[in-house]
Amino acid sequence: MDTVEELKARVLELENEVAELKGTSTRGRIDKMSAEVVDSNPYSRLMALQKMGIVKNYEDVRTFTVAVVGVGGVGSVTAEMLTRCGIGKLILFDYDKVELANMNRLFFQPHQSGQSKVEAAKNTLQSINPDVEIEIYNYNITTVDNYDDFVSRLETGSKTKGQIDLLLSCVDNFEARMTINNACNAIGLNWFESGVAENAVSGHIQFIIPGKYACFSCAPPLIVSTKMDEKMLKKEGVCAASLPTTMGIVAGLLVQNSLKYLLKFGDVSTYVGYNALEDYFPTMTLKPNQNCDDSKCIKKQAEYQLYIKEHPEVLIEEVKEETEVVHEDNDWGISLVESDPTNEEVSEETSLNLVPGLKVAYDIPSKPLKESHQEVELDDDAGESLDELMNRMKNI
Amino acid sequence: MVDEATRKSLSGIPLLKTKAGPKDDPKLWLQRLKEEYTALIKYVENNKAAGNDWFRLESNKEGTRWFGKCWHVQDMLKYEFDVEFDIPVTYPVTAPELALPELDGKTAKMYRGGKICLTDHFKPLWAKNVPKFGIAHAMALGLGPWLAVEIPEMIEKGAVVYKEGEDKK
């Protein structure tokens, strides 16, 4: 027979389990961050940063709103780190569900399978730190239906109903990155791009201030070279590999630089690559491309040039960033991807001044291609209306 | 690399010229849509002429959402699948993500929602050909080769089985 004490203990245990499953908070909200060092203060070690002189005013962290787009292997850990740091508000975007196949990564738990990632994340994060305001959107930002809402959330989602402070891209595909780039160029929002390669052994973070640094459209995506011949990479029967280690490291780099940027301490890196096979971390700064494909980027570049003309003092801080990149031995096999025979145009080698260990995903022609012959082909049907074409397609 | 058959079918598809997406000037997007349809019609006609008719597509009025059928013939049996995709706001800089929802979970060569896993060559090739490539090119370069490789494998594994009467539809 169980004693009353044993039963009581069991009830408490079960209550805690239920609370955990429900994501019920185990503490009340705290109005003001305290620096008092006691076991019950969740902020004591963070406020110690201030006492030690690392951060001037740590408490400012509560005023910031950060959007995390993509709550997968990198995004969920990113959101957890920011939550534990006591960020003011998080806005999470993702349209995926938690699956057992995600369990090789951090954060999500098997019992959350089937839940939407943003919902599951909100529950866990809210119980870790109820002081953080968390807003979630379970949709695909790249579609026409959702894009406007996405942009308006970035423009009005802050704690004071204004533009948010920073966006962190933790998505896993080019389309979503381009969508984020498009939105951030349009509204002038600073953001970090992050990524982990599909081979799971390299990753990167990149800081983008529209107009000041290269946007995601300015150059082909950069790849951290891993000495492995990519053509040898076996891709049969799989789409992508992933490791919790690589993702955790990239999330760590991402949030570290976000905190440095928001709380103004240390130097914010504009690009950090991570080559896991050799533990090599190339860093560099990417200047914007004056011929960028995105007209909004060009506009931001002009605005930035005007700004530094009026505020020449800001450049003094940046002399460090401008130092010339020294090319060392080509140990990492930097090479451009073989051009495809279906496109005969020889493109100019990109003049990105890449540091060793980085290369572009592909080369793109620097000048628009001749368009003479295609005009002829399309003009045949120029007279037909869209309805007529749609009907023709239907009845083919 | 792109195989000979794919290259041949690609070369028969008219190139597009209007660089406009669904969020751009409606006049330009309409022009782009007309080009898309013209290229698709030509591509389907080419396929029919070559005895290799393999898909039909149509879109909503705005041209932002596309749907239709694609099929694969093996041992005289026709295996047919629904195909669908949205035009992303960044189109045509980024390609549409083609999806076969009913095959979701049946092959590892797929992302969530049944989006097909494209080869490493697709995206670089698409990027180099903006805005000349359109939906027809995405079908020829993306879905066509994918079906040719993945469907026979799924049939062999039993993940895809022939459904009676599919040919008559």
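Helices (H or I, at least four residues) and strands (E, at least two) are DSSP runs, numbered from the N terminus. The model on this tour is a predicted one, in which local features need pLDDT of at least 70 and side-chain atom pairs count only at pLDDT 80 or more, while totals for chains, interfaces and linings use all residues. Residues are numbered from 1 along each chain as its sequence is written, chains are lettered from A and ligands numbered from 1 in the order in which they are written, and side-chain values use heavy atoms, with hydrogens and water left out.

**Stop 1: the loops of chain B**

Select B:Pro92, which sits in the loop between β3 and β4 (110-111) of chain B, and look at the peptide bond that joins B:Tyr91 to B:Pro92, which is cis with omega about 0 degrees. Then go on to B:Pro131, in the loop between α3 (122-128) and α4 (135-157) of chain B, where the bond from B:Val130 to B:Pro131 is again cis, with omega near 0 degrees.

**Stop 2: the sheet of chain B**

Now show the strands of chain B, where an open sheet of 3 strands has the order β1-β2-β3 with antiparallel pairing; two strands are said to pair if DSSP finds at least two bridges between them. Because β1 (55-59) and β3 of chain B each have a single partner strand, they stand at the edges, and one side of each is left without a neighbour in the sheet. Neighbouring strands here are turned by 15 degrees against each other on average, direction ignored; axes are lines fitted to C-alpha atoms, for helices over the stretch in contact, and angles run from 0 to 180 degrees between N-to-C directions.

Within this sheet, select residues 65-74 and 77-86 of chain B, which are the strands β2 and β3 and pair in the antiparallel sense over 10 bridges. B:Lys69 stands opposite B:Asp82 in β3(B), and B:Gly68 has B:Val83 of β3(B) as its bridge partner. The two strands form a hairpin with 2 residues between them, and B:Asp75 in the turn has a positive phi of about 50 degrees.

**Stop 3: the large sheet of chain A**Turn to chain A, where 7 strands form an open sheet in the order β3-β2-β1-β4-β5-β6-β8, with mixed pairing. The edge strands are β3 (133-137) and β8 (271-275) of chain A, each of which pairs on one side only. Inside the sheet, select β4 (residues 166-169) and β5 (residues 191-196) of chain A, which run parallel and are joined by 3 bridges, and find A:Ser169, whose bridge partner in β5(A) is A:Glu193.

Add the helix α7(A), which packs on the sheet and touches β1 (65-69), β4, β5, β6 (202-208) and β8 of chain A, its direction making about 170 degrees with that of β5(A); contact here means heavy atoms within 4.5 Å. Another helix to show is α4(A), which lies across β2 and β3 of chain A and runs at about 170 degrees to β3(A).

Before leaving this part, select A:Phe107, in the loop between β2 (89-93) and α4 (117-128) of chain A, a residue other than glycine with a positive phi, near 80 degrees.

**Stop 4: two helix pairs of chain A**

Select α3 (residues 75-84) and α7 (residues 244-263) of chain A, which pack at an angle of about 40 degrees with their axes 9 Å apart. That angle makes α3(A) oblique to α7(A), since angles under 35 degrees count as roughly parallel, over 145 as roughly antiparallel, 65 to 115 as roughly perpendicular and the rest as oblique. The crossing of these helices is right-handed; a crossing is called left-handed if the near helix is turned anticlockwise from the far one by less than a right angle, and right-handed if clockwise. To view the contact, show A:Val77, A:Thr78, A:Met81 and A:Leu82 of α3(A), which meet residues of α7(A) including A:Gly248, A:Ala251 and A:Leu259.

Next, select α5 (residues 144-156) and α6 (residues 174-187) of chain A, which pack at an angle of about 50 degrees with their axes 11 Å apart. These helices are therefore oblique to each other, and α5(A) passes α6(A) in a right-handed crossing. Among the residues that make the contact are A:Tyr147 and A:Phe150 of α5(A) and A:Ile180 and A:Ala183 of α6(A).

**Stop 5: where the chains meet**

Finally, show both chains together: 52 residues of chain B are in contact with 48 residues of chain A. The area buried between them is about 4700 Å², of which carbon and sulfur atoms give 62%; buried area is the accessible area (1.4 Å probe) that two parts lose on being put together, summed over both. Select B:Lys17, B:Arg112 and B:Lys128, which supply 16% of the area that chain B buries against chain A, more than any other three residues.
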